Amino acid sequence: MLLAHGFGCDQNMWRFIVPAFSDDYRIVLFDYVGSGRSDLGAYDADRYSSLQGYADDVLDILHALDLRDTVFVGHSVSSMVGVMAAQREPDRFERLILIGPSPRYINDPPYVGGFERSDIEGLLETMEKNYIGWANFLGPVVMQNPDRPELTAELTESFCSTDPVIARRFAEATFLADNRSDLAGLKVPALVLQCSDDLIAPRSVGDFVHQSLANSTFQQMKATGHCPHLSHPDETIQLMREYLQAPVAV
């Protein structure tokens, strides 16, 4: 089981999920270059100018460890990173678990991604002018669990600890991307976990992903916000287990 963290996060975000699966799976955790405790010296602006560079990282890990029949668990942008990697080398993946996926954050009628282009451009401008202020604004929006201030504080701190220049480039690669075409024809079975009251990836996006993936299962979660593996780990674990124990539809 390979778990890939979302934008502005690191592998520590999986700490509530990993113990539930460590007896049955070989767990592989990592930080993308530029995130967490990764080697910043390995960062290549050209490579990571698009999500394809991050998909390359996922495949590099699979090759280095010679992993096959992998359950890939991706949060947020890593959901699409996993889809891109699975499209290129489907034989290495057994199933995908996509938590809060979005192939396109910007509205493109009739597609509803949740943001106008001006929203994203404003977000990127704020990152450049006032990175700490941006992090303090975005943390509560993403977490969306006001009764759990410690989780909001953790996410905000994670944003703040990321190199601002690298974070902005990752944000551009994430929020300006259009990966809707990457969903078509995916052969690897996938579970779409859709949170309630998710301002980053609303229900319309989850429905689109599910409808675009021929062999997918959709689960509407009671969990609110965009980080159920932190805010609602028990529900996340339960839905993952139910999916992994069920036979794969052919």
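Let's start with Cys227, which counts as buried at 1% relative accessibility; buried here means under 20% relative accessible area, with a 1.4 Å probe and protein chains only. Cys195 is buried too, at 3%. The model is predicted, so local features need pLDDT of at least 70 and side-chain atom pairs pLDDT 80 or more, while totals for chains, interfaces and linings use all residues. Residues are numbered from 1 along each chain as its sequence is written, and side-chain values use heavy atoms, leaving out hydrogens and water.

So why no bond at Cys195? The closest cysteine sulfur, that of Cys227, sits 8.0 Å away, which is too far. A disulfide needs two cysteine sulfur atoms within 2.5 Å, and the count by that rule is 0.

Now hop over to Asn107, in the loop between strand E4 (93–99) and helix H4 (117–129). Helices (H or I, at least four residues) and strands (E, at least two) are DSSP runs, numbered from the N terminus. The Asn107 side chain reaches the backbone nitrogen of Gly113 at 2.8 Å. Leaving aside residues up to four places away in sequence, Asn107 touches Val112, Gly113, Gly114, Phe115 and Glu116, where touching means heavy atoms within 4.5 Å.

Follow that loop into H4, and you meet its partner, helix H5 (residues 131–143): the two pack at about 130 degrees, with axes 5 Å apart. That angle makes H4 oblique to H5, since it is not under 35 degrees (roughly parallel), over 145 (roughly antiparallel) or 65 to 115 (roughly perpendicular). H4 brings Leu123, Thr126, Met127 and Lys129 to the contact, and H5 brings Tyr131, Trp134 and Leu138.

Methods
Buried means under 20% relative accessible area, exposed over 50%, partly exposed in between (1.4 Å probe, protein chains only). A polar contact is a pair of N or O atoms within 3.5 Å; within protein, one must be able to donate a hydrogen and the other to accept it, and residues adjacent in sequence count only if both atoms are side-chain atoms. Axes are lines fitted to C-alpha atoms, for helices over the stretch in contact, and angles run from 0 to 180 degrees between N-to-C directions.
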